[in-house]
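I opened a fresh notebook page for this chain and kept my notes as I went. Feel free to follow along with the viewer open.

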Amino acid sequence: MQWSTQPELIDQIIDGTKTATVTRLEWQDGYDEYATALRVGEVYTVYDGERTARCRVRVTALELTRWGDIPERLWRRDPATNDETSLAAFVGDHDEYFGYPGPDFEFLAVYFDRVDDALP
């Protein structure tokens, strides 16, 4: 897993405040060696924009989600880049990422737990 443009999101994972993220359905198969298909129970290394391993996470659940019905469990576990935790902050952080979707837009919620720091 790679967060290339927002290093503060990796810091949230490391400090335990971020335990969920989202992805487009069409990206579920992966699109490069740092963004591979996600599977429940698997452990993934989290990389920053410099492709430096920062920590490892285990995916605990994948959930098909609609933009018009974002569950509280998702926005509580995926705080905004400014650390705000609310539905409005979640929408504000992801609206442009998803191309300002309508209520029927579907995406994948990814829930995870940090396993440990990345091994050298």
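What percentage of the 120 residues of the chain count as buried? I looked that up before anything else, bearing in mind that this is a predicted model. The answer is 39%.

**Entry: overall layout**

I listed the secondary structure next and found three helices and six strands. Going along the sequence, I read the order as α-β-β-β-β-β-α-α-β. I then turned to the contacts with a separation of 6 or more, and 68% of them join residues that sit 24 or more positions apart.

**Entry: the strands β4, β5 and β6**

I began with β4, residues 43–47, and β5, residues 53–66, which pair in the antiparallel sense over five bridges. For the register, I noted that Val-43 has Arg-58 in β5 as its bridge partner, and that Tyr-47 stands opposite Ala-53. The two strands form a hairpin with five residues between them. In that turn I spotted Arg-51, with a positive phi of about 60°.

On its other pairing, β5 runs antiparallel to β6, residues 106–117, over eleven bridges. Here I wrote down Cys-55, whose bridge partner in β6 is Asp-117.

Which side chains of β4 point to the buried face? I found Tyr-44 and Val-46 there, both buried. Val-43, Thr-45 and Tyr-47 point to the other face and are not buried, giving an alternation along the strand.

**Entry: Asp-48 in the loop**

Asp-48 caught my eye in the loop between β4 and β5. What is the nearest side chain of opposite charge to Asp-48? It is Arg-54, at 4.3 Å. Asp-48 is buried yet has no salt bridge; the cut-off for one is 4 Å.

I then checked which backbone nitrogens the Asp-48 side chain meets. A polar atom of that side chain lies 2.9 Å from the backbone nitrogen of Glu-50. The side chain of Asp-48 also reaches the backbone nitrogen of Thr-52, again at 2.9 Å.

**Entry: helix α1**

I moved on to α1, residues 7–15, and marked Leu-9, Ile-10, Gln-12 and Ile-13 as buried. Looking down the axis of α1, I saw that its buried residues fall within an arc of 155°, so they line one face of the helix. A reminder to myself: an α-helix has 3.6 residues a turn, so residues three or four places apart point the same way. Among the elements that cover the buried residues of α1 are β4, β5 and β6. Just after the helix, Gly-16 takes a positive phi of about 90°.

**Entry: helix α3**

In α3, residues 87–94, I marked Ala-89, Phe-90 and His-94 as buried. They cover an arc of only 115° around the axis, which puts them on the same side of α3. On the other side of α3, I found Ala-88 and Gly-92 exposed. What do the buried residues of α3 pack against? I noted β1 (20–23) and α2 (72–77).

**Entry: salt bridges**

How many salt bridges does a search of the whole structure find? The search gave me six, and I followed up three of the pairs in detail.

Lys-18 and Asp-78 meet through their side chains at 2.4 Å, N to O. This pair links distant parts of the chain, with Lys-18 in the loop between α1 and β1 and Asp-78 in the loop between α2 and α3, 60 residues apart. Lys-18 counts as buried because its relative accessibility is 2%. Asp-78 counts as buried too, at 2% relative accessibility.

Glu-63 and Arg-73 form a salt bridge whose closest N and O atoms are 2.4 Å apart. Glu-63 lies in β5 and Arg-73 in α2, so the pair ties together parts ten residues apart in sequence. Buried or exposed, I asked of Glu-63? Glu-63 is buried, with a relative accessible area of 18%, whereas Arg-73 is partly exposed at 48% relative accessibility.

Glu-72 and Arg-76 form a salt bridge with their closest N and O atoms 2.5 Å apart. Both sit in α2, four residues apart, which means they are separated by about one helical turn. I logged Glu-72 as partly exposed at 42% relative accessibility, and Arg-76 as partly exposed at 46%.

Conventions: Residues are numbered from 1 along each chain as its sequence is written. This is a predicted model: local features need pLDDT of at least 70, side-chain atom pairs count only at pLDDT 80 or more; totals for chains, interfaces and linings use all residues. Side-chain values use heavy atoms; hydrogens and water are left out. Two strands pair if DSSP finds at least two bridges between them. Buried means under 20% relative accessible area, exposed over 50%, partly exposed in between (1.4 Å probe, protein chains only). Lys and Arg count as positive and Asp and Glu as negative; His and the chain ends are not counted. A polar contact is a pair of N or O atoms within 3.5 Å; within protein, one must be able to donate a hydrogen and the other to accept it, and residues adjacent in sequence count only if both atoms are side-chain atoms. The arc is that of the directions from the helix axis to the C-beta atoms. Contact means heavy atoms within 4.5 Å.
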